[in-house]
Amino acid sequence: MKTVVVLCLPRSGSSLLTGMLHRLGIRMGSNKDLLGGKHANKYGAYENQDFYKLNIRVLALAGSPTLAWADIPDTEKIKKIFHKFESKIQQIIHKHERELWGWKDPNNIYILPYFEKYLVNPHYIVLKRDIGSIVKSHLKLSKFSNWNDVISYYLGYMNIKTILYFAWYIFKYFISKINVFNNEDIYREVTIKGFAKIEEFVKDKKHMEVNFTDIISNPTQVIHEIVEFLDINPSDQQYKNAKAFIDRDEVHFRKKPKK
């Protein structure tokens, strides 16, 4: 058995990478779950909704007012409350694990350290993206016209208690940090610290790095490296499907190539 975990940050292109992994034969979630989140991604967010829902609940109860989009969650708070979710995470893992399976969630890095011990043979794929591109993508999605869809999507995964916690913390956060969702400096700081946290976590673990720009410019090479890292044997059709999943018209904020 191999467990393939994508470690990334919000707006780093992880939906694209995970869609490619799914087409290479790695079960990244049910088809219905993976197609959710079309308010932010035309083809779906490619997130296993059980892991996504759990991560959101933990972050909300730990007082992360923006659910890690524009703040770094408090590690000590997460550590204190996670014991309440121990049995739940074991149930979720047992439900989804296969001979070759995995999932992605941009919030993985903040919760994963507390349950990685339950994963069988984890292989971590770290997705990197230019920080400036991530910041611009955040600013695009955070426009007021998108709020209704984003908030509705989040609230669909919270019970009443979690909603009340979330509403209170985000209210306090807005008072102290006016217009936080349009603040480039905050997004940049959170992204830098988030990547540092990922690097620290994987340094002694089986992992590989993938750069978002390389996926777009040289997908054949990236797919080959992933296949070698995971030691899998996808069919020719699976190779083609993974490569064909790249829609360059949906790739925003790439750095312009040097002349």
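**Aromatic pairs and charges over rings**

Visitor: How many aromatic pairs does the structure hold?

Guide: This predicted model holds ten aromatic pairs.

Visitor: Take F82 and Y114. Why is that pair called tilted?

Guide: The ring centres of F82 and Y114 are 6.1 Å apart and the planes meet at 35°, so the pair counts as tilted. A pair is tilted when the angle is neither under 30 degrees nor over 60.

Visitor: And where do these two residues lie?

Guide: F82 is in the loop between α4 (75-81) and α5 (86-96), while Y114 is in the loop between α6 (108-111) and β3 (122-128). The pair therefore ties together parts that are 32 residues apart in sequence.

Visitor: Is F82 buried or exposed?

Guide: F82 is buried, and its relative accessible area is 1%.

Visitor: What about F82 and F115, stacked or tilted?

Guide: The pair is stacked, because the planes of F82 and F115 are at 15°, with the ring centres 6.1 Å apart. This pair also links distant parts of the chain: F82 lies in the loop between α4 and α5, and F115, 33 residues apart from it, lies in the loop between α6 and β3. F115 counts as buried, at 1% relative accessibility.

Visitor: Which residues do ring pairs link into a cluster?

Guide: The cluster contains F51, F82, F85, W101, W103, Y114 and F115.

Visitor: Changing topic: which residues lie over the face of F195 and of F212?

Guide: K128 lies over the face of F195, 5.7 Å from the ring centre. Over the face of F212 lies R129, at 4.2 Å from the ring centre.

How values were computed. Residues numbered from 1 in each chain as written. Predicted model: local features only at pLDDT ≥ 70, side-chain atom pairs only at ≥ 80, totals over all residues. Heavy atoms only, no water. Phe/Tyr/Trp six-rings, centres within 6.5 Å; stacked < 30°, edge-to-face > 60°. Helix = DSSP H or I, 4+ residues; strand = E, 2+ residues; numbered from the N terminus. Buried < 20%, exposed > 50% of the residue type's maximum accessible area, 1.4 Å probe, protein only. Lys NZ or Arg CZ within 6 Å of the ring centre and 35° of its normal.
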